[in-house]
Amino acid sequence: MRYTPDDIRSFVLHRDDAVLVLNKPAGLAVHAAHKIEHHLGQYMDDLAFDLAEAPRLAHRLDRDTAGCLVMGRTAEAATRLGKLFAGGWVEKTYWAVSEGVPEEPEGSIDHPLLKIQIPGSWNMLAHPDGRPAHTDYRVLGTDGRGRAWLELKPRTGRTHQLRVHCAAIGCPLLGEPYYGPERIPPGNLHLLARTIAFRLDREGPALSVTAPPPAHMMEALLACGWEDETFR
């Protein structure tokens, strides 16, 4: 789906002199890649607003993940944000709906992740030879039919970490095209970058931004006990 300048600006959740947080739609890649022609980079000039320069990404989200995406509105802000993300100084909270309910209502997933080549592409694999990866989870609700509404807090930032970790404990995400029991077409992943929180300056104010659930996750979340936008 292509967006107009007004469309893309309507996705802004927060804007100040240094930081912009976008509610990235599921299905929109953040940058160009193999076989990806439509991406967020094509809209950066529309997000400059009153500045002469376009914002710069401070981190990335998977194409099919919706929610909070942080950008620096200046080169200096982008550099500082990048260091915060790299140093683990940004608190990230995700919501997901899984096919399967974890055995424990909360816990930690500690599986190293390894990138492997597959015919024509690549995948991430939970493997002892991989890079350390750690995710905390909490079950927020269930639908009584084998699905769970999960709060996920990644403590590391590996590619596809949440998706692989959930699959590794027998709870692949609803709509998962690559790490579920079978390969399905992408486009319905139930994963939301719900809240992002950080302090740009050590002495400055804390910033916390929350994204609403996207339309394609509403039915499953409601079935699992989510009620409305009175944020939990």
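## A tour from Trp95 outwards

Select Arg194 and Trp95 to begin: the charged end of Arg194 sits over the ring of Trp95, 3.9 Å from its centre, where sitting over a ring requires NZ of Lys or CZ of Arg within 6 Å of the ring centre and within 35 degrees of the ring normal. The model is a predicted one, in which local features need pLDDT of at least 70 and side-chain atom pairs count only at pLDDT 80 or more, while totals for chains, interfaces and linings use all residues. Residues are numbered from 1 along each chain as its sequence is written, and side-chain values use heavy atoms, with hydrogens and water left out.

Keep Trp95 selected and add Trp149, which forms with Trp95 an edge-to-face aromatic pair, 5.1 Å centre to centre with 80 degrees between the planes. Rings of Phe, Tyr and Trp (its six-membered ring) pair if their centres lie within 6.5 Å, with planes under 30 degrees apart counted as stacked, over 60 as edge-to-face and the rest as tilted. Trp95 lies in strand β5 and Trp149 in strand β10, so the pair ties together parts that are 54 residues apart in sequence; helices (H or I, at least four residues) and strands (E, at least two) are DSSP runs, numbered from the N terminus. Trp95 counts as buried at 3% relative accessibility and Trp149 at 0%, buried being under 20% relative accessible area, exposed over 50% and partly exposed in between (1.4 Å probe, protein chains only).

From Trp149, colour β10 (residues 147-154) together with β9, with which β10 pairs in the antiparallel sense over 7 bridges; two strands pair if DSSP finds at least two bridges between them. Across this pairing, Arg138 stands opposite Glu151 in β10, and in the hairpin, which has 4 residues between the strands, Gly144 takes a positive phi near 75 degrees. Strand β9 (residues 134-142) is also joined by 5 bridges to β6 (residues 106-110), and these two strands run antiparallel, with Asp110 standing opposite His134 in β9.

Next, select Tyr3, Phe11 and Tyr43, which form one aromatic cluster. Within this cluster, Tyr3 and Phe11 form an edge-to-face pair, 5.3 Å centre to centre with 90 degrees between the planes, and Tyr3 counts as buried at 15% relative accessibility.

To finish, select Arg15 and Phe49: the charged end of Arg15 sits over the ring of Phe49, 3.9 Å from its centre.
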